[in-house]
Amino acid sequence: MPEPTKKDETETENAPPPPEQKTPQDGGTEKGKVWSIGDGAPEETEKRDDSQRSTLFVEKPQSGSVSVGGNITFIAKVEAKDLLRKPNVKWFKGKWMDLASKAGKHLQLKESFERHTKIHTFEMHIIQAKENYAGNYRCEVSYKDKFDSCSFDLEVTESSQAAPSIDIRSAFKRSGDGQDDAGELDFSGLLKRREVKQQEEEPEVDVWELLKNANPSEYEKIAFQYGITDLRGMLKRLKRMRREVKKSAAFAKGLDPAYQVDKGGKVRFMVELADPTVELKWYKNGQEIRPSTKYIFEHKGNQRILFINNCTMTDDARYYVTAGDEKCSTELFVRDPPILVTKGLEDTNTYVGERVELSCEVSEDDANVKWFKNGVELTNEPKSRYRIKVEGKKHTLIIEEAAKNDSATYSVMTTGGQSEAKLSVDLRPLKISLALEDQTVRLGQEIHLKCEISENVQGKWYKNGQLVEASDRVKLYHKGRIHRFIIASAAVDDEGEYMFVPDAYNINIPCKVHVVDPPKLHLDGLGENNTVTVVAGSKLRLEIPITGEPTPKVMWSKGDKWITDSGRIRAETYPDSSCLVIDTAEREDSGPFRITLKNEAGEDTALINIKVVDVPDPPQAPNVTEVGEDWCVMTWEPPANDGGSPILGYFIERKKKQSSRWMRLNFELCKETTFEPKKMIEGVAYEVRVFAVNAIGISKPSMPSKSFVPLAVTSPPTLLAVDGVTDTSVTMKWRPPDHIGAAGLDGYVVEYCFEGTDEWIVANPELTDKTRFTINGLPTGSKILVRVKAVNAAGESEPRYHPQPILVKEVVEPPKIRLPRHLKQTYTRRVGETVNLVIPFQGRPRAKVSWQKNGSPIDKNQINIRNTENDTIIFIRKAERSHSGEYDMKVEVENLVDKATIDIQIVDRPGPPEIVTIEDVWGENVNLSWKPPKDDGNAAITGYTIQKADKKSMEWFTVIEHYHRTSATINELVIGNEYYFRIFAENMCGLSEDATMTKESALIAKDGKVYKYPVYDDFDFSERPLFTQPLINTYAVAGYNATLNCSVRGNPKPKITWLKNKVIIMNDPRYRMFSNQGVCTLEIRKPSPYDGGTYSCRAVNELGEAEVDCKLEVKVTQ
């Protein structure tokens, strides 16, 4: 019995089985068909939801009829107008069998596409149709979510030719030539046409001829038909028979290649000799045959005959006859008589599950008998549900537990006959002994469904109409009439309506399973103590997975306040989770939130801590505790609120007080609350501020610190030396520090200590801004050490020490005037300028200074004299010419004297010359003479300036400047004009304020000549362009501007055009062109090697054109 097909299983999964199973059609076979598995009626075509149907066919395949052995083609067409790619087309026979896997000799599937009409054509060709090809077919086309289907029928009719004679050998023909079904025996046609159970008498058949002419694949069939038991030996003999027989001289006629005889029959061997006198011997398998009642020899002329009576299977052998040296051989085949069916099969009716035995008897013991179901041979394999039992002549087909699909026509066949009978298997009336019960189970517990029916039949379990198969989780048990369904651990998806459907019965046993699960909160993803951290200002969407069956009711609360499903803080509930949503988190939202789940199975609750973290508060304004030249030290306190997250560090910024731009000072967090900014500009006021940083972010900045100015102390004073010593005082002098800095210099501190002590005494309690200081009140004869410090806003500088101790005792120093070099010559100043002369001198102690002018004491009302211990100053606020003279200076120290003389000259502009006289006038010339001015301004006259004026206009024009003589000749005067002249005197201070003019005028007479003006023709200035200075080859350095210059003339003014490599340069920002007074310039901005080449300058006007060129090479510096 064949196993159930896959389609049968699929249909059972989708719906309960039909009330009864239909008996397969007679003549239908399992292996005898080419692609007949799954044949079904048209009404069993698989249905689809109408919502998925759409019209895709433009031409559907139509039902058709074909004769056995004929060809037929079915055509389907699909329009591709709205399809982006080729649709998917499948051909089916019956409900489910896909014909694509059966394509071959008898079935061909083709497809084509017409581009003009955009039509896909699909064809199914059936070649050499057989009767079992008839049935219902279906063509399906699908494209994405579109689907269309069409069913059609094929009818295969008998050929009009007369049926061939029935031959048992036709039962052994191969059903295909190299196809998938090749090699299977087809008895269906034979069984359909047989009308008698016993085989009719056939004419004598020569088995040897059959074997000689048969295909090797036919040998076993022939052996079964004719009862050949030693097929291998027979084939060896057949091989010897086929060898070419040489022509014999002893035998006029030899033995035939082979002979056959029925068991118990008589056979005759005959040869004809060419020479009847030759001795003849017969042999069987090499043993000589002696005459007996079994073996009879006859002689008729040249014929020699051997008769073998009552042949048995031992006579089946090789025979040969010898005549002299020659031999002639043959093969004898003894066949068993046909096996006859002596007692046929009988029709049987039974119930499903009963044991069935179909028996028949044949004419021989242990005969070879074949069993068939609907023409398909049944084998006695271990796994087959059919068992064949042989007891002598009795042969029995046993079915241990009959099934509905065992209803069929069973037949038995021998070499000499056959018999058939119908088996009908019906269902027993089914009773439900124990029905399924509705169950309510908790999640994770066992689901155990049990039912009992009156019959021991298989069945299927369904959940919500879907077939349930056994798996690792679902266990299905069947023992006798009891069926059980077990799920060890119930899940939520296991809830539903279950039913058990016995196979082959149109009844079902239903029940309901309700799975309940106490509600449970799954808080595995939360942090320690169910804490959830959220950044202030961001949105929190906390999703808590929940389980429970039925779906539990979820309630959120904070304190005594319930949280609704709307507002800034709200709860959202879904089937498998609940969400707490905070749109914009605030610090006040921190705290515990309670979530509670309830359903009919129980409740669950939990506290969830919401922690809203924020950036920290800004720190307080920092304090600057120490300031240096370009640095400072700042400190601050941590912020009062860290935002719920520990402070990780600080960022520091600074800015100039007058600026608004802050600059970050550290890019790595400062872990401490102190920092030392550096690289500031000395003397510039700064402010600093601090940012606190935590894991959330950076706080707002602190308030700026008080402004501060980086300052540095000065370097030590320089050149500290003793300026004077008396019996009770020491006078020190020094120079300012080399480096003072932006803090400036506030003054100096002078300190001293007596030799042998370490106590330094401040000589000046208040700072002195002088670079000289006298330490008074010192004991005479003592020795002191002196040091000086410079002081500014940043503090005191390093001290400058006098290298040696100083003895406090006055020393006489002779006077000496150190007259500056510029005073050793005449000291000249202009009237009105200031005179301020400082003359240093030496002399100790108590030098006395005195002044005289031209041997007379100085009038202190006009000249200020101020004396110090080291110098004397003569000061005249506004010099006058009367201050000129020799000044004598005298310095006296006790009896010692030193003198010096200073010559001071105060100068002014001179007066005008005295009298200007016109000495002579001739032609175009006038001779003038004058006298020097009476007042030379206390300085030598350096020259004169002569001017002339036409009497008519009296506009003065300079004729001669810086003239040194007192007479001069004025030339090139205009004839007929009358002139006046004036003269200015000049010294080192400039021209005299006034000039002396001639009293008379000088007339330039014509001397009787009549001037005739010449007549000139208009000059033609037109000229074609001409380059007066051409371009020259130039070398330029890359990156530095280069210029090309040339000059051109022409009238009218020519138009200038510049070209590079004969291409006009236009609108290129890298070039600038200038033209000024005929000089043409091309400037190339920052040239590169690409700018090298031949440059041309073209000048064009209406009279012609001219062009010059040069080469420019751009060199790149290495």
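Biologist: How much area does the chain expose, and what share of it do carbon and sulfur atoms supply?
Modeller: About 63,900 Å², with 47% from carbon and sulfur atoms. Accessible areas come from the Shrake-Rupley method with a 1.4 Å probe; for residues, only the protein chains shown count as cover. This is a predicted model: local features need pLDDT of at least 70, side-chain atom pairs count only at pLDDT 80 or more, and totals for chains, interfaces and linings use all residues. Residues are numbered from 1 along each chain as its sequence is written, and side-chain values use heavy atoms, with hydrogens and water left out.

Biologist: What share of the residues is buried?
Modeller: 40% of the 1118 residues. Buried means under 20% relative accessible area, exposed over 50%, partly exposed in between (1.4 Å probe, protein chains only).

Biologist: How many helices and strands are there?
Modeller: 5 helices and 86 strands. Both are DSSP runs, numbered from the N terminus: helices are H or I, at least four residues, and strands are E, at least two.

Biologist: Take strand 16. How many of its residues are buried?
Modeller: 5 of 6, across residues 303-308.

Biologist: And what pairs with strand 16?
Modeller: Strand 15 (residues 295-300) does, antiparallel, over 6 bridges. Two strands pair if DSSP finds at least two bridges between them. Strand 12 (residues 267-273) is also antiparallel to strand 16, joined by 6 bridges. There, Phe-269 partners Leu-306.

Biologist: Which residue takes a positive phi in the hairpin of strands 15 and 16?
Modeller: Gly-301, near 65°. The hairpin has 2 residues between the strands.

Biologist: New topic. Which side chains of strand 55 are buried?
Modeller: Phe-773 and Ile-775, on one face. Arg-772 and Thr-774 point to the other and are not buried. Arg-772 is also the bridge partner of Lys-733.
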